[in-house]
Amino acid sequence: MNRAVAIPNNAVRITDSFWSEKIKLIKNEVIPYQWRALNDEVEGAAKSYCLRNFRLAAEAIKMRSNGETVPVYPTDKWEYNESNSEPDSFLGWVFQDSDLYKWLEAVGYLLQNEKDAELERLADGAIELICSAQESDGYINTHYSINNPASRFTNLRDHHELYCFGHLAEAAVSYYNATGKKELLYCACRFADFICKTFGENGIKGYGGHEIAEMALIKLFETTGNDSYLKQAKLFIDRRGTKPYYFDTEQGITSRDGLYYEYNQAHLPVREQKDAIGHAVRAVYLYSGMADVAANTDDKELFEACKRLFDSITNKRMYITGGIGSTRDGEAFTADYHLPNGTAYAESCAAIGLTFFAHRMLKTDYNSKYADVMERCLYNGILSGMAEDGKSFFYTNPLEAVPSEIKADSDKSHIKTQRQKWFTCACCPPNIARMISGLGGYCLTENESTLFINLYCSLEAQSTFGSISIQSDYLNSGRVKISVKSDKTFTLALRIPEWSRDFRFSKENPFIKNGYAYFEINGCDEITAEFNPQIRIISASNRVRENIGKASITRGPLVYCLEEADNGKGLHLLRLSPHPKFSFDGECISANAYRAEDSGNALYFDYKKPKEHLERIKLIPYYKWANRGEGEMQVYIRM
C-alpha cells in the first residue's frame with residue numbers, strides 16, 4: 001500500500017483566526033484549569049484524585065522496595081470513591097491515570113507550537129512524579145500499585161491497564177517531539193517492553209478491553225524504530241475476537257456467547273467484522289489501530305475491513321455533527337439509521353476517535369471522504385464539548401435538548417443542558433485539549449510525489465517538497481490561497497470539500513480524483529481556490545425515523561442549531577418556511593419560519609390544520625450552544 005505520512009504538528013504553525021484562537025484558549029485557560037482539576041483544586045467540581053493517586057503509588061513502591069509492609073486493598077471495582085474505599089487506597093475510575101497522560105500530550109503539542117519555559121517546568125514536574133510511580137519491571141498503573149500489585153493483568157476486559165499505557169505512550173511521543181527530553185519516552189518504552197514480554201507470542205494471549213494500546217504501540221514503533229512494538233500491536237489485533245475468547249478465559253467462563261463481547265469489539269476476529277458495533281470510543285480506537293497495523297504491514301485484508309467499518313459508521317451510524325454512539329446503554333452504536341436526537345450519546349471522545357480513524361484511513365486511501373469526516377467532527381461534534389471560556393465541558397452532545405424533559409426523565413439523565421466543571425469520569429476534557437492543540441498534524445499529508453491539503457486552516461508548514469503557506473477565509477467566503485516555495489517538481493492535491501457545490505481554482509483543468517484536485521507544481525507557485533459556502537438545507541435518510549419531515553441547516557463545514565435564547569421556548573413548534581429568505585451575518589443564519597400556535601388545554605382532539613404565524617428565526621453554529629445559559633436546543637427543524 002502506498003502510504004502517505006502526516007506533516008507533523010511540530011512542522012506546522014497554525015495562523016488561522018478561528019483555530020489559533022481555540023489553540024490559544026487551550027494554552028491560556030484550559031491547560032491551567034485542567035491542571036487544577038487534576039489536583040482537585042476547582043471549587044464545586046467533581047474530584048479527580050489523579051495526581052493524588054500517583055503520589056500514593058510512588059510512596060507504596062518506595063515502601064515495598066525498602067522492605068516495608070504496604071496495605072492491600074480490593075481491586076474489584078470500576079470506580080472507587082470515598083464512600084466505598086479506604087482513605088489511603090486508590091480513588092477514582094480505574095483509568096484515572098490517563099487523564100494526566102492526555103493533559104501531558106496536549107502540553108507537548110502546545111510546546112511544539114510555542115516554547116513556554118513555565119509550562120515545560122510544570123510538565124517536567126508531572127513527568128518526574130509519573131516516573132516515580134513506575135515499578136522496577138516497567139509496569140505503571142496507580143490502581144494496582146496502590147491497591148494490590150499481585151492482581152496486575154488479571155482483568156484485561158474491565159480494568160484499562162493497556163488503555164492507560166496507550167495514553168502514556170502517546171503523551172511520551174508528543175513531549176519528546178516538543179522538547180527532545182527522553183524521560184517520559186523511556187518510561188513508556190520500559191512499560192511497552194514489559195507488555196511485549198508479557199503478551200508476546202509466547203506470553204499471555206490477551207488484549208485490552210478498551211482499545212488504544214494498538215495505535216500507541218505503532219506510534220512508539222514509528223518514533224523509536226523498535227520492531228517489537230509493531231509486532232505486539234499486530235498480535236493484539238490478530239488475537240481479538242478469536243476463540244476461545246480470552247475474556248472468558250481470564251474470568252473462568254466457558255459458555256459466554258460471542259454477542260456478549262460486541263461491547264468490546266471482541267465478538268469476531270477483526271477481519272470478519274462488518275458493522276461498527278459496541279462502545280463507540282473503543283470501536284474507533286480499535287479501528288484506528290487496525291488501520292495503522294494494516295498500513296505498516298501491508299495487510300490489505302485488514303485494510304479492507306477498516307474500509308467496511310468506516311463506511312458502516314459514516315453511511316449508517318453517524319450524526320450530522322460527526323457524533324457517534326446512539327445510546328447511553330454501553331455508550332454504544334445501535335442499529336443502522338437509529339439516530340435519536342434527544343437521547344443521543346455522541347460522546348466527545350467518540351468524535352475525537354472518529355477523527356483519529358479518518359486521519360489514518362486518509363494516509364492510505366487518498367479519498368476526500370475521510371478528511372470530510374475529520375472536518376465534520378472538528379467543527380461540530382468536538383468543539384461542542386467545550387465551553388467558549390474553556391472551563392466547562394460536555395461529555396455527551398445531543399442534537400436536541402429540552403431542560404424540563406431531561407430533568408424529569410431518567411432515560412435522559414446522561415444529557416446535560418449546561419456544561420460541567422469536571423467529571424468523575426473525565427476522559428473528554430483532556431481529550432479535547434490534546435485534539436485541538438495537536439490540530440496542525442491533521443492538516444497536511446505527503447507521499448513520495450504528492451502533497452495533500454486536507455484541512456484548510458491558515459498555516460505555515462515545512463514539507464519535504466518545500467515550505468507551504470495557506471491563507472484561508474474558509475468559514476466566511478470559502479476562499480483559500482496556497483503559496484509554495486520549492487525547488488522541486490511535485491503534485492499538489494487540494495481537497496474539494498463535500499459541501500462545496502460551486503468551486504473554482506486559479507489554475508485551470510486540474511485532474512480530479514476521489515475528491516481531490518491535482519496540480520503539477522514546478523518550483524515556487526501559487527494557487528487560489530474558491531469553495532463558496534452556501535446555506536444548505538440537509539435532509540437525513542428517510543430511514544432515520546426521527547427526522548422524517550425535518551431538515552438541518554448547514555453552511556460550509558458548520559452545522560447550525562436553534563436555541564431558546566434567540567427563538568424562545570417551544571422550538572418544536574417551528575417550521576421552516578418554503579421561502580426561508582436566508583441571511584448570514586458572518587456567524588449566524590436568519591430565516592423565515594412559521595410557529596404553530598398553542599393548541600389549547602385538550603390533550604387529544606379532532607385533527608385540524610394548526611394555526612401558524614410567520615416569524616424570523618436565528619440559528620447559531622451547533623458548537624456554540626449552551627454558552628448563554630440553560631435553554632432548549634435543536635438541530636433539526638420541521639419542514
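This is a short tour of one protein chain, stop by stop, with something to select at each. Keep in mind throughout that the model is predicted.

**Stop 1: the whole chain**

Start with everything shown as a cartoon. You are looking at 17 helices and 24 strands. The radius of gyration is 25 Å, close to the 26 Å that the globule rule gives for 639 residues, so the chain is as compact as a globular protein of that length. Turn the model along its principal axes, and the C-alpha atoms fill a box of roughly 80 × 70 × 50 Å.

Now switch on the surface. Its accessible area comes to about 24900 Å², and carbon and sulfur atoms account for 47% of that. How many of the residues count as buried? Of the 639 residues, 62% do. The contacts are worth a thought too: among those between residues at least 6 apart in sequence, 70% join residues at least 24 apart.

**Stop 2: a space inside**

Rolling a probe the size of a water molecule over the atoms shows where empty space is left. In this model the count comes to one cavity of 30 Å³ or more, and the volume of the largest cavity is about 50 Å³. To find the largest cavity, select W19, E375, L378, Y379, L439, L455, Y456, C457 and Y474, which line it.

Which helix gives the largest share of this lining? Colour helix α14, residues 368-382: three of the lining residues come from there. Then colour the lining by residue type, and you should get eight nonpolar residues, no polar ones and one charged.

**Stop 3: unusual backbone angles**

Most residues other than glycine have a negative phi, and most peptide bonds are trans. The next three selections depart from that pattern.

Select K243 and P244 first. A cis peptide bond joins K243 and P244, with omega at about -5°. To place P244, look in the loop between α9 (227-239) and α10 (246-251).

Next, go to H160. This residue is not a glycine, yet its phi is positive, at about 65°. H160 lies in the loop between α5 (142-147) and α6 (161-179). Is H160 buried or exposed? Its relative accessibility is 4%, under the 20% cut-off, so H160 counts as buried.

Then select Q265, another residue other than glycine with a positive phi, this one near 55°. You will find Q265 in the loop between α10 and α11 (280-297). Q265 counts as buried because its relative accessibility is 0%.

**Stop 4: back to the loop between α5 and α6**

Select S151, which is found in the loop between α5 and α6. At 14% relative accessibility, S151 counts as buried. Which residues does S151 touch, leaving aside its neighbours within four places in sequence? Show T75 and Y144 as sticks, and you have its contacts.

**Stop 5: three partly exposed loop residues**

Begin with A11, in the loop between β1 (5-6) and β2 (12-14). With a relative accessible area of 21%, A11 is partly exposed. Leaving aside neighbours within four places in sequence, A11 is in contact with E460, A461 and Q462. Now try the distance tool from A11 to P497: the two are 486 residues apart in sequence and 24 Å apart in space, C-alpha to C-alpha.

Move on to D409, in the loop between α15 (403-408) and α16 (428-437). Its relative accessibility is 29%, so D409 counts as partly exposed. Draw a line from D409 to K102: their C-alpha atoms are separated by 33 Å, and the two residues are 307 residues apart along the chain.

Finish at E587, found in the loop between β20 (583-584) and β21 (589-596). The relative accessible area of E587 is 35%, which means that E587 is partly exposed. Which residues are in contact with E587, leaving aside its neighbours within four places in sequence? Add Y560, P621 and K624 to your selection to see them. For a last distance, pick E587 and S477: these residues lie 110 residues apart along the chain, and their C-alpha atoms are separated by 12 Å.

Definitions and conventions:
Residues numbered from 1 in each chain as written. Predicted model: local features only at pLDDT ≥ 70, side-chain atom pairs only at ≥ 80, totals over all residues. Heavy atoms only, no water. 1 Å grid on protein atoms, 1.4 Å probe; cavity = no way out; pocket = protein on both sides within 12 Å on 5 of 7 lines; lining within 4 Å. Points joined across faces, edges and corners; volume = space filled by probe spheres on them. Helix = DSSP H or I, 4+ residues; strand = E, 2+ residues; numbered from the N terminus. Nonpolar A, V, L, I, M, F, W, Y, C, P; charged D, E, K, R; others polar. Rg over C-alpha atoms; globule rule 2.2 N^0.38 Å. Buried < 20%, exposed > 50% of the residue type's maximum accessible area, 1.4 Å probe, protein only. Contact = heavy atoms within 4.5 Å. Areas by Shrake-Rupley, 256 points an atom, 1.4 Å probe, with all protein chains shown as cover.
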